[in-house]
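Welcome to this short tour. Keep your viewer open and select each stop as we come to it.

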Amino acid sequence: MLPTAASCQGKAEEHTTLSLISERDAIVRGRQLWIGIRFDLQDGWHTYWTNPGDSGEPPRIEWQLPTGFQVSDIQWPHPERLALASLADYGYEDQVLLMAAVRPPERLKEGESTKITAQVHYLVCHDVCIPGQKHLELSLSVQTSAAFSPARPLFDAARQKLPRTMPRNWKISAISAGDEFVVNLKADKLVKPVQFFPLHSEQIENAAPQVATAVPGGLRLHLKKSEHLRRPIARLEGVIVLASGKAYKVRIPVAQPRNAHTQSKN
Amino acid sequence: MTHNPWWNLVAVFVLISSGYAVKVGDSAPDFQAMDSNGQVHKLSQYHGKFVVLEWHNNGCPYTQKHYESGNMQHLQKEWTNKGVVWLTVISSAPGEQGYVTAQQENDYVSKMKASPTAALLDPRGDVGKLYSAKTTPHMFVVNPAGVLIYDGAIDSKATTEQADISTAKNYVSQALEDSMAGRPVSTPTSRPYGCSVKYAH
């Protein structure tokens, strides 16, 4: 048997600690409860956003809840751009909380203990990558009211990093121009972007620099098209993070250049 | 085996300057690289045959998924038996994960019972960068006319779990089957998945 990365580099758990935490200390029938998987990553190690970028893989969570309970999709905090030699990944260093909302049923017996389990499949990388799996459990009892748990500040901190809806009076659009998309954002005040993170792979070139210029009433952002983009796209979806640290969910309609329309009619 | 000393000096010589972006539908850029047996291979010498390029790093868990399950070896055997040229390319820089000497690679190939046509050593990353190889594995397929017909992942399930292989759609086999049957390739590109290629920093 050849030595494998796992045997040389140790196990994924040596580089990250995972825990399943709850924002409140009890379950109340019918009332939404936030839970989450927290990653505490060793210095220099990272895990991934829902679109991992050029390499890597996002964490995958298999929930098991008692009958009648529902759980939402993961609410992904905005990622950081992790630049490698000639590639760029999207992920998290240091720590991240992947939140999900649980909806308990209306009928529950008071005092009953409830077990929520999560099987987490994840990848942690430094220069090298190690896949890991972790089984996590959380037991909460059903009560008529629930107080905040000691983990509450972690949930508040994570909410700060969740992309929010863009202000209604802002306008965002893009044009497809040669090998790039030019995004125009009209805002009610001066905004400075940090980064656009695409939700879908193979739309923009992750490693290409994103050039932003301030224009009257907003900003302009140049994104290089992915080499894998084979046909015009109707919209770019993703998250835009501004210098203020605020992140916004964006769905950017993409206009095709006029000559492309002419060509397609011929 | 005869050794031309000149080739030993030039482990990898890229014929077309970098900055050229590889695109499915375009000519696959030519390159020249030495294999683990000291033989030099040029892509253009395989004109008239299908060529598969497989980016490789034996320490990467995604590469291990496909070798420890025997999937990659099975593909190599199946397609080389049908006349396809299979070139494994190792672009890890010295000191980085997956970097191997010629001897180490030969030991690996025999231990894993792999059967690529050749394993090309690309420690400077010239071939990797020419093709913008991003991950291990990252797969490319070139048709007999020298045109790139596939660029992307090995299959449709981007995980490290061997159990996913049997239910995944293998894009390399699909591209070869489509093309050999005279059909357009149904999935000509996909997002490659795996570890980042360990180029020099």
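Start with Leu53(B) and follow across to strand 8 of chain B, where Phe140(B) stands opposite. Keep in mind as you look around that this model is predicted.

Now widen the selection to strand 4 of chain B, residues 51-55, together with strand 8 of chain B. These two strands run antiparallel and are joined by four bridges.

Next, select strand 8 of chain B alone, residues 139-142. Are its faces covered or open? Both are covered: Met139(B) and Val141(B) lie on one side, Phe140(B) and Val142(B) on the other, and all of these residues are buried.

From there, add strand 9 of chain B, residues 148-152. Strand 9 of chain B runs antiparallel to strand 8 of chain B, and four bridges link the pair. To see one of the pairings, pick Met139(B), whose bridge partner is Gly152(B).

What lies between these two strands? They form a hairpin with five residues between them. Zoom in on the turn and find Gly146(B), which has a positive phi of about 85°.

For the last stop, show both chains. Here 21 residues of chain A are in contact with 24 residues of chain B. Which elements of chain A give two or more residues to the side that touches chain B? Select helix 1 (5-9) and strand 10 (129-141) of chain A to see them. Strand 10 of chain A supplies the largest share, three residues. Try coloring this side of chain A by residue type: ten of its residues are nonpolar, five polar and six charged.

Note on methods:
Residues are numbered from 1 along each chain as its sequence is written. Chains are lettered from A and ligands numbered from 1 in the order in which they are written. This is a predicted model: local features need pLDDT of at least 70, side-chain atom pairs count only at pLDDT 80 or more; totals for chains, interfaces and linings use all residues. Two residues are in contact if their C-beta atoms, placed from the backbone, lie within 7 Å. Ala, Val, Leu, Ile, Met, Phe, Trp, Tyr, Cys and Pro count as nonpolar, Asp, Glu, Lys and Arg as charged, and the others, Gly among them, as polar. A residue is buried if 20 or more other C-beta atoms lie within 10 Å of its own, exposed if 12 or fewer, and partly exposed in between; C-beta atoms are placed from the backbone. Two strands pair if DSSP finds at least two bridges between them.
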